[in-house]
Structure formats: structure tokens, C-alpha cells
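Here are my notebook entries from a session with this model, in the order I looked things up.

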Amino acid sequence: MRIILLGPPGSGKGTIADELHERFSFVHVSTGDLFRSNIKNQTPLGLEIRSYMEAGSLVPDELTIRLVEDVMTNGNLGDHFLLDGFPRTVRQAELFDQFLTSRSEKIDAVVHVYVPDDLIKERLRGRRVCLNCGKTYHVPAHPPEYADVCNACTGLLIQRKDDNADVVAHRLEIYHKETAPLVDYYQKRGLIVDIDNSGKFADVMLDLSAKLKLG
Ligand code: AMP
């Protein structure tokens, strides 16, 4: 099954993706993670995209689609994967559709994760990420055992630069302008599965697994 996770920053796409990976063995592809790893490793792509990411702006479509095509071609994804954070513009979706058609492949479902903006701002204010393994926490909702230390690998927990309040407001603005039109784009293709992620996570996962007919 090939899935796209669509939703605003801070809507919990990453957590849902981790759960789908652990429980249903989906390969998790996050363009945000791939970009961050390019920045960390100071690759030519990383140097090119750093300023966009720190400002909370979108990386240009051509660079993004090139990255995704490369992963899809060389990454051994098989046919059971989920894309988290891609596509984020109608242009990316169109280019991606062309790419999939050229491989005689198609997306099976687009999970549209909904959370109101106020809750997103509160969630992102408390989000902490492990500098070493990328695991995420939330203070105070899901804190680590010891302050600023990752439970899984003892790495240092930090707040992402793009999670500060001004950048978050900018990211939400971009989401509503550039990414939200994709709901309509995929609705027309009969692919949208709506999920409200403002309630209890266990209930959200039950709802999602039933709608995707998993397990
Ligand atoms: P995320 O981890 O998904 O919140 O993404 C973090 C940042 O990576 C975004 O604010 C963008 O700067 C960049 N990014 C991730 N995915 C995309 C995409 N599909 N198109 C453009 N920029 C992206």
C-alpha cells in the first residue's frame, strides 16, 4: 500500500508515520528528515536548502521532486511505504503523478490529518527532538525520563529552529496557502481519508487503521 500523509506542520504526521511503521511495517519516507540529514552531513543539497528550512519556507519544487525521485528509484521502498511531508504544493503533486505514471504505479490513499491551528502552536512550542536519533517528545505531554535527554539513545534533546513561534506562524501560513489546496486535488481523485488528530492518540490510530483497512 502506498500512502501520502498530508497535514499542517505539528499535526502529528511524524508520530502517525512512526506508529504505522512499527505496527504495519510501512517504510517511512519524510522529506523533512531527508533534508535535515543533508544539512547535518553538509552535502551540496544541504548547503543549498539550509536557509529555506531555517526560515520555515518551502524548499523549491525542483530540488524536492529530484530528492523524492532519487529515493523512489534507489531507496528500495518496495510497494508498502508512506510519504510524510511530500507533496506540499500542487506543482509537486503534478510532477509526482507524472513520475508514478511513468513507472505504472499509483498512490492508494492520502491521509489528511486535521488539527486546529491553536493546538498546533501549543504542540510545536513543547516539541523536543533528539539531535542523535530524531525521536520526538513533548513537554509537558510526553516528556523524556530525564530533562533534555533522549530515552532511547541518551542523545541531547533540542527545540528545532523552525519550531519557534514566529517561524511556526510562517509555516502555517504557507501550509494554508500552498499545501491545503492538495486536499481538493486528491479529493477529486477519490483518495482522501480524513483523520482528526486533536483527540487521544490511541483513538486516532483505531480510526485510521479502520479507514485504511489495516490489521
Ligand atoms: P517537516 O519536517 O516535514 O516539518 O519539514 C521541515 C522543512 O523541510 C519544511 O518547513 C520545508 O522547509 C522543508 N520541506 C520538507 N518537505 C518539503 C516539501 N515537500 N517541499 C518543500 N519543502 C519541504
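I began with the handedness of a helix pair: α6 and α7 cross in a right-handed way. I was working on a predicted model here, so I kept that in mind throughout.

Next I looked up the geometry of that pair. The axes of α6 (residues 117–126) and α7 (residues 165–179) come within 11 Å, and they cross at roughly 140°. Angles over 145 degrees would count as roughly antiparallel, and I therefore noted α6 and α7 as oblique to each other.

Then I listed who touches whom. On the α6 side I found Asp117, Ile120, Lys121 and Leu124, and they meet Val168, Arg171, Leu172 and His176 of α7. Sorted by character, the residues of this contact are four nonpolar, one polar and three charged.

My second helix pair was α1 (residues 13–24) with α9 (residues 201–212). Their axes come within 12 Å and cross at roughly 65°. I wrote down a right-handed crossing for α1 and α9. From α1, the contact uses Thr15, Ile16, Glu19, Leu20, Arg23 and Phe24, while α9 supplies Phe201, Met205, Leu208 and Ser209. The tally for α1 with α9 came to six nonpolar, two polar and two charged residues.

Last, I turned to a single serine. Ser30 sits in strand β2, which covers residues 27–30. Is Ser30 buried or exposed? Its relative accessible area is 9%, and the cut-off for buried is under 20%, so I logged Ser30 as buried. I also checked the side chain of Ser30 for a partner: one of its polar atoms lies 2.9 Å from the backbone nitrogen of Asp33.

Terms used. Residues are numbered from 1 along each chain as its sequence is written. This is a predicted model: local features need pLDDT of at least 70, side-chain atom pairs count only at pLDDT 80 or more; totals for chains, interfaces and linings use all residues. Side-chain values use heavy atoms; hydrogens and water are left out. Axes are lines fitted to C-alpha atoms, for helices over the stretch in contact, and angles run from 0 to 180 degrees between N-to-C directions. Helices (H or I, at least four residues) and strands (E, at least two) are DSSP runs, numbered from the N terminus. Angles under 35 degrees count as roughly parallel, over 145 as roughly antiparallel, 65 to 115 as roughly perpendicular and the rest as oblique. A crossing is left-handed if the near helix is turned anticlockwise from the far one by less than a right angle, and right-handed if clockwise. Contact means heavy atoms within 4.5 Å. Ala, Val, Leu, Ile, Met, Phe, Trp, Tyr, Cys and Pro count as nonpolar, Asp, Glu, Lys and Arg as charged, and the others, Gly among them, as polar. Buried means under 20% relative accessible area, exposed over 50%, partly exposed in between (1.4 Å probe, protein chains only). A polar contact is a pair of N or O atoms within 3.5 Å; within protein, one must be able to donate a hydrogen and the other to accept it, and residues adjacent in sequence count only if both atoms are side-chain atoms.
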